[in-house]
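User: I am new to this structure and should like to understand the reasons behind its description. Please set each value against the definition that applies.

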Amino acid sequence: MAIQPRRVAITGIGLVTPVGNNMSETWQSLLQAKSGVAPISLFDASGFSVQIAAEVKGDNYLSQTGHKRLSKAASRSHLFALAAAEEAMQDSGILPDAANGHRWGCSVGTGMVSINYKELLAFQREAAPKGQLEAELILESSIATDPIYFCRNQSAQGLSLLVKRYSIQGYTTSVHTACASGGQAVGTALKLIRRGDCDYVLAGGFDSMISPLGLAGFCLLDALSTDNHNPLTASRPFDATRNGFVMGEGAGFLVLEEWERAVKRGARIYAELAGEGNSLTSYRITDPLPSGDGPIQAMQQALRSAGLHPEQVDYLNAHGTSTPMNDRSEAAASHVVFGDHINNLKVSSTKSTMGHLIAAAGAVEAAICALTIYYNKAPINANLTRHDPECNLNFVCNQTKDFVVRVAMSNSLGFGGSNSCLVFRDPEAP
Amino acid sequence: MEIVPRVVVTGLGAVCAAGKYPGQIFNSLLDGKVSIAEHMGWDVENWPCRLAGVVGFNPRELINDRKLLKLIKKTDVLGIYVAEKALESAGISGYRESLTSEADEYFAQRFGIYGGTSGALPSTQYDFLPLIKEADGSTLIIGEKLNDYINPMWLLGNLPNNVLCHVGIRNKLKGPNAFITNHSTSGMLSIIEAFESIRIGDTDRAIAIGHDAPVDPQTVLSYHITGLLAKASLCPFESKRSGSILGEGGAALVLETLEAASSRLAVIHAEILGKGCTSEAQGLLPVRMDGDGISRAICLGLEQAGLSTQQIGMIVCHGNGTITSDLSEGAAIRKVFGSKIPPITCFKWAFGHTLGASGSIDAVLAITALQRGIVPAIATLKNIDQSLKDLPIAKAHMEPIANTALILSRGFGGQNCALIVKATSRRGG
């Protein structure tokens, strides 16, 4: 098409992850391949087949969540979101004001509602004392009659807390495509600026499924690594012995700005968010196709959207969950998309250290791609010791490498078959 | 040369308590029939809030696939059903049969799929109640006895984005997609994202689906506790209105570029002209009484559509029956339209507030209303609220003053969306 789309600058980053309470801590951990996986401490998981996860450590992030009163209306993942968003806003050096609040948007990837287990237990005791729900008892339940409980568990609550905190008055949306949610939220934000709906977007994702029900859901599907005695190496994307993913939690946020505005105010630009693509595999609910069909189209569309060729991509932050099927399918897709260039393309999955942040993963990994371009360093794919011939890619192993990253790509592939791909470009590169 | 393609509607599907086809639902509106009843699937004898617009059809009537029905929830059944009805009414499968397998693969990859629902419901956790009881709360025992109590597919049955996945698999659609969980604006946002995806050339065609089944005990009680539910009937703009009533439903629209639709000689129902989306940023439940968010959304929609207020033929309000929402909606319309306001109606009074489906159902019914040239009356409206008396709200059936409709959708978190559609001239006319 003849119209030159509006460009999008990444000018602020905020992270709360299992390997750091903020952006710089997280980035340093990634470069040192410091694992965030450990035995689950949030509840007694000793009866589950899986007893490890990558939890957010400590609570330093709480100093960034704003008003104390908020915490009653906010869930654990909302608090991650509030802290990461605040860091991103401060990092960018701008905030919505009365004059431009309506030109700000907010696009977030929201997890499946993760109800606080203690409250679910209280609800069971009040409303289902025999194990079956009794309609009359619900009416008396302190949980079921608490409006704050209701508000906190609404899918729109995370978005609402963010939008209110910053008086964001333009296009605001909350999306969910399972593990692709964060990528889809950032991709949506790109489109909002390109098509002129917004000049600024706070974009990100947040999730915490490290709860008895969240863990149960994935245990039942046999999707998780059962390496309970070796938590540090349990997540090993692309390794021949990989045996499932490790649950993570956290939030990642980006401040996105229409390019000319960012340049005009002299903002530090980490990277350009240059393109997005997405596709639906339409095969099975959890399984990818071994051929990589689905992710292939998302990656190709993202490159088209960025106006770039496959040969221009220097780094791929893989979805790389460490499940046997995902990694093989993603490797196959990468071979199709990159052809001979595959040997020059450096690849790593940061889930090797921070686990899988589910609905937050795509947004956190988008932030990592921006940092990769800004610092010309790529994070390590940890725990990759045994070569899998079906995952034959040029991995960043053992130690991080300094190399020029002009273009980076991030994949997020979700249950349900949604595939999201984002492309980032160095603003200085020709 | 046309740079931004025009986006037209070629397929429609809808289901709610008032029926399972758009025409059937529209006829029941014209008859003034209220399909809300005391029937919610649990013992409501002592409940203070017993009314709902429940979809009573046997799931097998909607989707003839016993295996799939075991895996999915009612909301998913409604979403998949309306999607397939919309695809059928657009003649998509018939057209695809004429394609070579290579051309069909390309067709699938250029067919986007967008969906929305209000979000996960508390009832998704109920499967665990017997196990939590058995374990007396011990998470250790929950872990040990998990496999004895819970279906291995539990998590997959509760994925919010299930409809996207199953509509894709069952109908072989593989293009760009999004799934929106943004309370009551989700359905309209799915239309908006499909519309924009086609405009920027990411897809040639797309289906936009909104679906919801929020009538479960905890959700109904929560809406009651927060003061959102009506005492007796859902009567928008009425002086004695007291709130909303929840309903179940779904609706879907097939969108295509004008060129794609014309190339396969499809029947064109309407064209999407513009949209606006805003937030009032006041928190989850409050709305601004001056209608700020809704008036800005309308203005953005008009601007994108390139229309003046005088070119709008009718307004379909969100009209959820709460005191504040209806009043602020009236204020916004007054502010934008001045004294020349087209006929105003709304549809929730007949089958309840279907949350994430409501924007989709309203869009489908608005297109039907334009095609038939009737603005249906709000049958539960007897005495208009004193402060809304100046507005031309349809107490009796009216006629649209042009072939365009403005449709409004609002949701928790101060979300406001406006959509502007134009009906194409009726067949043969």
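Analyst: In this predicted model, M247(A) offers a starting point. Leaving aside its neighbours within four places in sequence, M247(A) is in contact with A53(A), A54(A), M209(A), I210(A), L215(A), F218(A), L224(A), G355(A) and H356(A).

User: What makes these residues contacts of M247(A)?

Analyst: Two residues are in contact if their C-beta atoms, placed from the backbone, lie within 7 Å. Each residue in that list, A53(A) among them, is in contact with M247(A). For A53(A), the C-alpha atoms can also be compared: those of M247(A) and A53(A) are separated by 5.1 Å, although the two residues are 194 residues apart along the chain.

User: Why is M247(A) called buried?

Analyst: The term requires 20 or more other C-beta atoms within 10 Å of the residue's own. M247(A) has 30 C-beta neighbours inside 10 Å, and therefore counts as buried. Its place is in the loop between α10 (231-234) and β7 (249-258) of chain A.

User: How are helix α3 and helix α7 of chain A placed relative to one another?

Analyst: Two packed helices are described by the angle between their axes and the distance between the axes. The axes of α3 (residues 76-92) and α7 (residues 157-166) of chain A come within 10 Å and cross at roughly 35°. The crossing of α3(A) and α7(A) is right-handed.

User: Which residues of α3(A) and α7(A) meet?

Analyst: From α3(A), S77(A), H78(A), A81(A), L82(A), A85(A) and M89(A) take part; they meet Q157(A), G158(A), L161(A), L162(A), R165(A) and Y166(A) of α7(A). By class, this contact has 7 nonpolar, 4 polar and 1 charged residues.

User: What makes β6(B) largely enclosed by the rest of the structure?

Analyst: The cut-off for a buried residue is again 20 or more other C-beta atoms within 10 Å. In β6(B), 10 of the 10 residues are buried, so the strand is largely enclosed by the rest of the structure.

User: How do you know that β6(B) pairs with strand β1 and is joined to strand β10 of chain B?

Analyst: Strands pair if at least two bridges are found between them. Strand β1 (residues 7-16) of chain B and β6(B) have 3 bridges and pair in the antiparallel sense. Strand β10 (residues 415-423) of chain B is joined to β6(B) by 9 bridges, and these two strands also run antiparallel. Both counts therefore satisfy the requirement of at least two bridges. I272(B) in β6(B) stands opposite V7(B), and I272(B) also stands opposite V421(B) in β10(B).

User: How many residues of chain B and chain A are in contact with each other?

Analyst: In chain B, 77 residues are in contact with 76 residues of chain A. On the side of chain B that touches chain A, α8(B) gives the most, with 7 residues. By class, that side has 40 nonpolar, 28 polar and 9 charged residues.

User: What are the domains of chain A, and how far apart do their centres lie?

Analyst: The domain assignment gives domain 1 (8-115 + 153-425) and domain 2 (117-151) of chain A. Their C-alpha centres lie 34 Å apart. The contact takes in 10 residues of domain 1 of chain A and 7 residues of domain 2 of chain A. On the side of domain 1 of chain A that touches domain 2 of chain A, α2 (70-73) and α9 (212-220) each supply at least two residues.

How values were computed: Residues numbered from 1 in each chain as written. Chains lettered and ligands numbered in written order. Predicted model: local features only at pLDDT ≥ 70, side-chain atom pairs only at ≥ 80, totals over all residues. Helix = DSSP H or I, 4+ residues; strand = E, 2+ residues; numbered from the N terminus. Nonpolar A, V, L, I, M, F, W, Y, C, P; charged D, E, K, R; others polar. Buried ≥ 20, exposed ≤ 12 C-beta atoms within 10 Å, placed from the backbone. Axes fitted to C-alpha atoms, helices over the stretch in contact; angles between N-to-C directions. Left-handed = near helix turned anticlockwise from the far one by under 90°. Domains from an automatic or database assignment.
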